[in-house]
Each structure stands twice: as structure tokens, then as C-alpha cells.
Amino acid sequence: MCGIVGYIGHRDAYPVIMKGLQRLEYRGYDSAGVALFDGDQINLSKTKGKVEDLKLRSEKEISLAGNLGIGHTRWATHGVPNDCNAHPHFSNSGNLVIIHNGIIENYEAVKKELIKRGYSFESETDTEVLVNLIEEVKSKEGVKLGKAVQIALNQVVGAYAIAVFDRTKPNEIVVAKLGSPLAIGIGDNEFFVASDASPFIEYTNNAIYLEDEEMAVIRLGKEIKLRKIKDDAIAYPLVQELQLNLEAIEKGGYEHFMLKEIYEQPHAIKDTFRGRLLADQGLIRMAGIDQNLERFLNANRIIVVACGTSWHAGLVAEYIFEDLARIPVEVEYASEFRYRNPVITDRDVVIAISQSGETADTLAAIKLARERGAFVFGVCNVVGSSIARETDAGAYTHAGPEIGVASTKAFTTQITVLTLMALKLAKASGTLSESRLHEMLSELEGIPAKVTRALESNALIEVIADVYKDAANCLYLGRGYNFPVALEGALKLKEISYIHAEGYPAAEMKHGPIALIDEHMPVIVIATKKGHYEKVVSNIQEIKSRKGKIIAVVTEGDEQVRDLADHVIEVPECSESLSPLLTTIPLQLLSYHIAVMRGCNVDQPRNLAKSVTVE
């Protein structure tokens with residue numbers, strides 16, 4: 001949530017910041033703003049709406065000169081989305097200006113104290129409170145900006161990534177992090193600040209990722225100074241060489257990032273098992289498992305913690321681990337897990353799943369699990385993210401940047417990693433025969449080609465989408481491994497088309513949802529040949545007898561369901577445990593085309609953020 005961009009150097013700051021904000025639009029936001037220092041004064045422009053609205057406004061209202069500036073996209077927490085609450089925010093003197101991602105939980109108490117000291121506030125935000133607290137500390141203690149930031153942050157409770165500069169000291173930017181991501185790009189006598197590396201990848205491949213409770217004073221012509229916020233200890237920056245390339249974060253000729261990312265899945269899945277899967281040798285190489293094999297094999301259970309789409313991937317993992325490796329699995333919403341005083345022991349393994357590696361609730365669940373002695377294994381996509389640093393071991397999905405807010409390739413690559421883990425543990429524990437293991441490894445190796453074939457139904461799915469684009473509700477049904485896929489399909493439709501949709505185990509339809517079925521209700525049923533096929537056929541007959549409209553995802557060549565369904569979408573045949581990698585493809589495409597036909601913003605759905613870094 002929220003996007004931070006800052007620049008100090010020899011270039012014009014404005015184009016760098018605006019392009020950077022556009023790169024961060026995937027994070028989700030409802031207002032945007034920019035502050036530029038032209039050598040004399042800070043010129044501020046901000047507005048409710050999109051970055052394009054900000055661009056039109058700022059180019060009319062303010063001077064765009066200056067080599068120092070900060071920009072922001074805001075996802076509303078404290079205060080409604082409007083021009084006043086948008087960032088950046090000034091201090092009362094007008095000397096300090098700040099942008100902030102996160103939540104200051106004790107801002108009301110701080111605000112009351114500042115009001116007593118003569119401060120006034122224009123916005124409803126916690127961020128304006130923070131910048132004035134910094135100013136009060138700076139004035140009262142007679143300290144420089146960096147020290148004032150440090151003292152102020154020790155007085156607040158919450159999460160933050162901030163960038164602040166002082167009009168009277170235009171050669172520096174001060175940044176700090178707790179809970180929300182922040183990267184510093186290091187160029188040739190120029191520095192970039194951003195929520196992730198995408199805003200500055202075309203200018204430099206060198207970056208520092210701040211750790212929690214670290215701050216940095218960035219000065220032109222000097223080395224970056226890093227310190228611990230709590231105790232002022234010196235921190236030593238680790239400069240990383242970025243692996244991200246510019247092409248990966250551009251649309252590449254596709255109308256939307258989401259469609260591009262759907263079509264990238266064959267390649268993304270292959271990249272995920274590249275170097276790990278040696279099907280001809282019957283081997284899986286995963287250093288994070290190899291180095292901690294006994295922890296997994298001796299575990300009483302595996303607990304999966306995740307949110308949203310990652311939670312659905314965790315549900316698929318529950319079937320995979322229990323079926324193949326015979327290890328008990330519980331799947332928890334990270335947001336509930338952290339608050340319900342769960343029973344965790346040092347014999348438990350916790351698998352934390354997150355595309356961004358920055359999900360606040362999942363990070364909090366990791367902290368709780370580690371405090372209780374559990375071994376924590378992370379599955380995430382972003383190299384160097386907080387989850388990658390906070391877990392005991394882990395595996396990257398290697399999906400590449402996922403810009404569309406609604407996850408697609410993140411889901412399938414997470415399932416791929418989790419499948420590799422389950423197969424590796426099954427081999428080590430002897431719960432899977434060698435012949436069956438070789439068969440599954442070979443089949444997994446062939447999945448990218450089958451995903452490519454599943455994508456060939458796109459034109460048919462577009463026709464189906466046109467029929468149901470005006471539906472008010474949809475029901476998604478699946479059994480076994482494909483029950484989580486039904487949940488994920490319903491989530492995709494809700495997220496990007498704003499049609500109410502629910503996913504259910506097919507057998508549960510009779511326990512309530514069947515009351516909703518009539519001639520106006522589209523029902524998407526996953527009815528592949530492997531698994532509980534005959535049972536699902538019975539469910540389809542029950543829907544048909546109540547005049548429901550049936551869209552069936554079936555195995556190639558299926559005739560039985562074809563005779564019952566209104567629409568049939570075929571996917572290649574595969575084993576039941578790998579079927580979610582194929583059956584999810586048509587559901588992604590269906591949601592995409594319906595949303596486009598309804599005129600929705602597919603890549604940036606309303607009210608949603610790509611990386612949920614606050615509770």
C-alpha cells in the first residue's frame with residue numbers, strides 16, 4: 001500500500017518522480033502528490049485520484065524545477081481520500097515536508113499534545129502529526145533533521161516508511177523504516193528512494209534495502225549513514241545488485257499487466273522449477289529444505305499462514321503435503337492466527353506465503369511463531385523482502401515482477417514451489433514410491449506446455465464472458481484439490497469485476513447455496529476427470545434441474561459434462577494433485593474478460609492494494 005518515491009542528485013527530480021509513481025501504481029492508491037525544491041521554496045501539488053490527474057494538475061499549478069523532490073501515492077487509512085489528506089505534508093513552519101507509508105497508532109495522543117504547544121493541523125492524517133512532531137523535536141532539542149527524526153520515531157507506535165527533507169538543508173533526505181518496505185538506489189552522485197526498486201531500475205542497479213528500525217541520512221557528495229533508530233548504533237549497509245530488468249515491468253504489447261502475467265505463467269512456472277527439478281534423475285534440489293530436512297521430517301505438523309490468494313495456495317498445499325508426504329497440515333489466515341493465541345511448539349514448522357514478502361499480518365504471524373520456537377519457512381516472490389529476511393529458511397517463486405493487483409502467476413508459482421517441497425519430503429520420508437515419484441516429476445516438468453494449451457481457450461472464454469458480464473452473482477464449485485481453485489476463481493471475479501462471487505466445496509452446495517440457484521445464476525464448476533468426477537457430475541445435475549447456468553471446466557475430450565453444461569472449457573489431462581495449475585487458468589481469463597467488458601480498471605481495482613503493509 002502507498003508508494004514512495006524520492007530523488008536527490010543532478011537530474012530534474014520531477015520526471016524521475018512521476019515516472020516512479022506510475023511504476024508504483026500497482027500497489028493501489030486513491031490520491032497522489034509531489035513536492036519539489038527549486039532552490040528557493042518547496043512547490044507542492046497533490047490531488048485525489050490517479051497519477052495522471054496529479055501530472056495534469058502539477059504541470060498547471062507549480063514550478064517543476066529542482067533536483068530534489070519526493071512523491072507519493074496514498075491508500076487512505078486516517079482520513080478520507082481527498083486533496084487535503086493526500087501526501088506530501090508540510091510541518092507548520094513550511095520547512096519540513098514528508099511522505100509516509102504505514103500507520104502511527106498513537107497519533108491522536110501526540111496530536112493533542114502538539115495542539116497544546118500551538119500546532120495546528122489541516123488534514124485528518126497521522127502523517128501530518130508525525131512531521132510536526134519531528135519539527136517540534138528539532139526546534140526544542142536544537143538538533144539536526146536526522147537526529148530529530150530518530151527521537152520522534154522513538155516516541156511513536158506503529159509502522160512506517162518515511163522520507164523527509166528540510167527546505168533549509170536542501171542537500172539531504174532522511175528516510176526510515178519499520179514494517180513498510182523502503183529501498184535506496186545509489187547512482188553516480190545521485191540517490192533514489194522508493195517503496196521498491198522499480199522506480200529507479202533504469203538509473204542504477206545498486207540498492208540498499210533498509211531493515212526494520214533503521215534510518216538513513218542521504219547527503220549529496222557523501223556516503224549514506226545508516227543508524228538503528230532505537231539505540232543509535234551504527235548500521236552497515238549491504239549494497240545489492242538488482243536482478244530486475246526494465247522489460248519485466250512494462251506491458252510488452254499487452255493491453256493490461258494482468259493479461260500479460262496470465263500469459264507469462266508457462267515461463268514463470270518453468271523458472272520456478274528451473275535448477276530445482278531434475279526429473280530424469282528423480283531429484284529435487286532445494287537448499288532451504290536440504291539444510292533443514294530433519295525439521296520437516298520430525299515435525300508434528302505444518303502450519304501455513306497467508307492472506308488472500310496466498311492463503312488459497314496454502315489450501316492447495318494442505319492437500320499436497322498430506323496426500324504425498326503424509327504430514328498433518330493446518331492452513332491459517334495470518335490475520336487471525338496472530339490474534340487467537342495459537343498453540344505452537346518447537347516441533348511445528350510454519351510455512352509463510354506472500355507474493356510481496358511484505359504482508360504485515362503474515363510478518364506478524366512469523367514473529368509470533370518464532371517467539372514460540374517454531375521453525376519458519378518463507379515462500380515469496382520478491383528477493384530481499386522482509387519475509388525473506390525474517391524467516392529461518394525459504395524458497396523464492398521466481399515469478400518475476402507481478403504488477404497487476406489481482407495475483408495470477410504468483411498463485412501458480414506458489415503452488416509449484418509447494419509441490420516441489422511436498423515431493424521432496426515424500427521422497428525423503430518414503431511415503432511415495434520411486435516409480436510414482438518419477439512419474440510426478442516428469443508430469444510437473446510438462447505442466448508449462450499444458451498451461452500454454454489451456455491458454456488457447458482464451459477466445460472461447462471471451463465469448464462466455466460476454467454472456468455473463470452483467471451477472472449480479474456467481475457461484476464457483478470444486479472438490480478436493482480444486483476446491484481452493486474455486487475459492488481463488490471467485491476471489492478474482494470479485495476483485496476486478498466487482499461482481500459478488502462465492503467459492504464452495506461442491507458437496508456443500510446442498511447445505512445452503514443451492515437456495516440461490518435459478519436461471520439468472522451462473523455456476524462455474526471444476527469437473528476434471530481425475531478426483532471426484534462422478535460426484536461433481538451429480539452436483540451439475542442438481543444445478544441443471546434448478547435452471548442454473550453452468551460453465552464447466554473439464555478435461556479434454558469430456559462428453560458427459562458437455563451434455564449437461566451450458567458452456568464447456570477444456571484443459572489438458574493431468575494428475576489430480578497438479579490440476580490446480582491448469583484449472584485456475586480459464587478462471588483467471590474469465591474474470592479478466594468480464595472485468596474489461598464492464599469497463600473496470602483491471603490492473604488497479606478500486607480499494608485494493610498489491611502489498612498490504614498495514615493491518
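Strand E8 (residues 169-178) and strand E12 (residues 214-219) pair in the antiparallel sense over six bridges, where strands (E, at least two residues) and helices (H or I, at least four) are DSSP runs numbered from the N terminus, and two strands count as paired if DSSP finds at least two bridges between them. Within this pair, Val-174 stands opposite Val-217 in E12. This is a predicted model, in which local features need pLDDT of at least 70 and side-chain atom pairs count only at pLDDT 80 or more, while totals for chains, interfaces and linings use all residues. Residues are numbered from 1 along each chain as its sequence is written, and side-chain values use heavy atoms, with hydrogens and water left out.

E8 and E12 belong to an open sheet of seven strands with antiparallel pairing, in the order E5-E6-E7-E8-E12-E13-E14. At its edges are strand E5 (89-90) and strand E14 (234-235), each of which pairs on one side only. Strands of a sheet pair through backbone hydrogen bonds, either parallel or antiparallel. Helix H4 (residues 126-141) lies across E5, strand E6 (96-104) and strand E7 (158-166), and runs at about 125 degrees to E6; such angles run from 0 to 180 degrees between N-to-C directions, with axes fitted as lines to C-alpha atoms, for helices over the stretch in contact.

Strand E9 (residues 183-186) has pairings that can be set out beside that of E8.

| Strands | Sense | Bridges | Opposite residues |
|---|---|---|---|
| E8 and E12 | antiparallel | six bridges | Val-174 and Val-217 |
| E9 and E10 | antiparallel | four bridges | Ala-183 and Ala-194 |
| E9 and E11 | antiparallel | three bridges | Ala-183 and Tyr-209 |

The hairpin of E9 and E10 has four residues between the strands, and in it Asn-189 takes a positive phi near 55 degrees.

Turning to the interior, the largest nonpolar core has 91 residues, of which Phe-321, Ile-351, Phe-377, Met-421 and Tyr-476 touch the most other members. A nonpolar core is a set of buried Ala, Val, Leu, Ile, Met, Phe, Trp, Tyr and Cys residues joined through side-chain atoms within 4.5 Å, and buried means under 20% relative accessible area (1.4 Å probe, protein chains only). Helix H14 (residues 409-429) gives the largest share of this core, ten residues. Apart from this core lies another, of 29 residues, including Val-129 and Met-215.

In helix H16 (residues 447-455), the buried residues are Ile-447, Pro-448, Lys-450, Val-451, Ala-454 and Leu-455. Seen down the axis of H16, these residues fall within an arc of 160 degrees, so they line one face of the helix; the arc is that of the directions from the helix axis to the C-beta atoms. The buried residues of H16 pack against several elements, among them helix H6 (257-263), helix H17 (458-468) and strand E27 (567-571), with contact taken as heavy atoms within 4.5 Å.

Conventions: Buried means under 20% relative accessible area, exposed over 50%, partly exposed in between (1.4 Å probe, protein chains only).
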